[in-house]
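Biologist: I would like to go through this model with you and ask, for each label you attach to it, what the label rests on. Please set the value beside the criterion each time.

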Amino acid sequence: MTYTAPFTTLSQHNAHPLQGMPSTESLASLLETASLYLHVPFCHTRCHYCDFNTYAGLLPLREPYVRALFHEIELAGQAVRNADGTPRRSRTIFFGGGTPSLLSVSQISRLLSACYHAFTVDPDAEITLEANPGTLDQQQLHGIRAAGINRLSMGAQSFDAHLLQTLGRIHTPDEIEQAVHFARAAGFTSINLDFMFGLPEQTMQHWQETLARALALRPEHLSLYSLIIEEGTPFYSWTAEGRITPADEDLCADMYEYADALLQAEGYINYEISNWALPGHQSRHNLTYWQNLPYIGMGAGAYSSFQGRRYSNERSPQQYIRLLKANRLPEIESETIEHVQAMSETAFLALRTAMGLHLPTFEERFGQPFSTFVGDRLHLVDEAGLLDQSDGWLRLSKRGRLLGNEVFLRLLPD
Ligand code: SF4
């Protein structure tokens, strides 16, 4: 089941051409950087809806995996050096998973030091670690903060105990609050909480209570995702067997709209369809993807996009470890991103954000105005009332947002 939540509009004033980030940095300079993603494919148990590349029962592999990842960081740093041989600059590091908080403080420190050695990491880099509230304790949070993690992203998902069980999560509602309090005490001033809506048996009241408890914690960032039932997950078979019933799409839309109105009233900016942040707390790492800027993914199954090439790593942690032991990069698939494809993707990604596409930046990047790139199609889509244009920004109109992918099909070349 897929559900595309409706967008909401956002004031475009004082926005940086690259989607609202307070930055004076030029596009040319940003294109020379590489954000770093480190994948940690271990979890205590598999949640019932999860189709990520992560594994339960492999915790004894953590140390050999960290050694392999350490080595991949060294090799990747060498492979993407600047033309003058200096290490590539990085503005963000993101430990994702899986459950990166299952690594020890010393393992996280070692991986960070590998990044600092192989890349030129900005002194004010955003360094995020994804964490499961059920795996965090006070001592560990102090340790990872001291090691250099400055942003914590927690998969909270719901404040309803029954829904957490349905999802197969290992934490309780109280553990979410406790983890945030521990993180604050450890010095974290940038915390994201993930929540899900459109869950089986979830009512509007459940959702309202979850949002109220979440806002009481005043996280700097909130990511709200509608449930997608993916093939191969327990949720998929349970839906087929009639054991669970997916949420009604109208209810999902109401939940999204309720959350958006509430969060905006509380001072959060809806800077991307599923993401809200207090001013200045937009995720720099995630903006890398939406701005179609370069990133290097390391670890089992990680994806990279760098200098016109997209490539991905071996997914099996065991095989990944074997390849690195043999001193080989674990890349298994690669595609060249042609110029036209890069233009389409950049426009597609930007138009999915609330800010939209900054037309002068597009022209600066690709040497061609967006209007000549899409030709008559722009006019046709514009006439149908699917786009809004002002101050150099192009974004989907309210109607365009509801039609979603159809607009992209009409607008962008294949
Ligand atoms: S904790 Fe996250 S990565 Fe792990 S199984 Fe659950 S949803 Fe998937």
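Biologist: What makes you speak of domain 1 and domain 2 in this protein chain?

Modeller: The bounds come from an automatic or database domain assignment, which places domain 1 at residues 32-290 and domain 2 at residues 339-411. This is a predicted model, and in it the C-alpha centres of domain 1 and domain 2 lie 30 Å apart. The contact between them takes six residues from domain 1 and five residues from domain 2, where contact requires heavy atoms within 4.5 Å.

Biologist: Why is the pair E63 and R67 called a salt bridge?

Modeller: The criterion asks for a side-chain nitrogen of Lys or Arg within 4 Å of a carboxyl oxygen of Asp or Glu, and the N to O distance between the side chains of E63 and R67 is 3.4 Å, so the pair qualifies. Both residues belong to helix α2, which covers residues 62-79, and because they are four residues apart there, about one helical turn separates them.

Biologist: How do you know that E63 also meets R110 in a salt bridge?

Modeller: Here the N to O distance between the side chains is 2.7 Å, which again satisfies the limit of 4 Å, so E63 and R110 form a salt bridge as well. Since E63 lies in helix α2 and R110 in helix α3 (residues 105-118), this pair ties together parts that are 47 residues apart in sequence.

Biologist: Why is R67 called exposed, while E63 is called partly exposed?

Modeller: Exposed means over 50% relative accessible area, and partly exposed covers the range from there down to 20%. R67 has a value of 52% and is therefore exposed, whereas E63, with 24%, falls in the intermediate class. R110 is partly exposed too, with a relative accessible area of 28%.

Biologist: What makes R213 and D174 a link between distant parts of the chain?

Modeller: Their side chains meet in a salt bridge at 3.4 Å, N to O. The two residues are 39 residues apart, with R213 in helix α7 (residues 204-216) and D174 in helix α6 (residues 173-185). R213 has a relative accessible area of 29% and is partly exposed, whereas D174 reaches 52% and counts as exposed. Elsewhere, E25, R89 and D122 are joined into one network by salt bridges that share partners, and the structure holds 14 salt bridges in total.

Biologist: Why is S223 counted as buried?

Modeller: Buried means under 20% relative accessible area, and S223 has 3%, so the label follows. S223 is found in strand β8, residues 221-226, and, leaving aside residues up to four places away in sequence, it touches N192, L193, D194, F195, S274 and N275.

Biologist: What makes the phi of E201 and that of D391 worth a remark?

Modeller: Most residues other than glycine have a negative phi. E201, which is not a glycine, has a positive phi of about 70°, and D391, likewise a residue other than glycine, has a positive phi near 50°. E201 is placed in the loop between β7 (191-197) and α7, and D391 in the loop between β16 (387-390) and β17 (393-396). With the limit for exposed at over 50%, E201 at 58% is exposed, and D391 at 63% is exposed.

Biologist: What sets the peptide bond from G97 to G98 apart?

Modeller: Most peptide bonds are trans. The bond from G97 to G98 is cis, with omega near 15°. G98 lies in the loop between β4 and α3, and G98 is also one of the residues around the ligand, among them C43, R46, T99, N132 and R169. By class, that shell has five nonpolar, five polar and two charged residues.

Biologist: How do you know that the side chain of N82 reaches the backbone oxygen of P87?

Modeller: A polar contact needs N or O atoms within 3.5 Å, and the distance from the side chain of N82 to that oxygen is 3.0 Å, so the criterion is met. N82 lies in the loop between α2 and β4 (89-97), and, again without residues up to four places away in sequence, N82 touches E32, P87 and R88.

Definitions and conventions
Residues are numbered from 1 along each chain as its sequence is written. This is a predicted model: local features need pLDDT of at least 70, side-chain atom pairs count only at pLDDT 80 or more; totals for chains, interfaces and linings use all residues. Side-chain values use heavy atoms; hydrogens and water are left out. Buried means under 20% relative accessible area, exposed over 50%, partly exposed in between (1.4 Å probe, protein chains only). A residue is near a molecule or strand if one of its heavy atoms lies within 4 Å of it. Ala, Val, Leu, Ile, Met, Phe, Trp, Tyr, Cys and Pro count as nonpolar, Asp, Glu, Lys and Arg as charged, and the others, Gly among them, as polar. A polar contact is a pair of N or O atoms within 3.5 Å; within protein, one must be able to donate a hydrogen and the other to accept it, and residues adjacent in sequence count only if both atoms are side-chain atoms.
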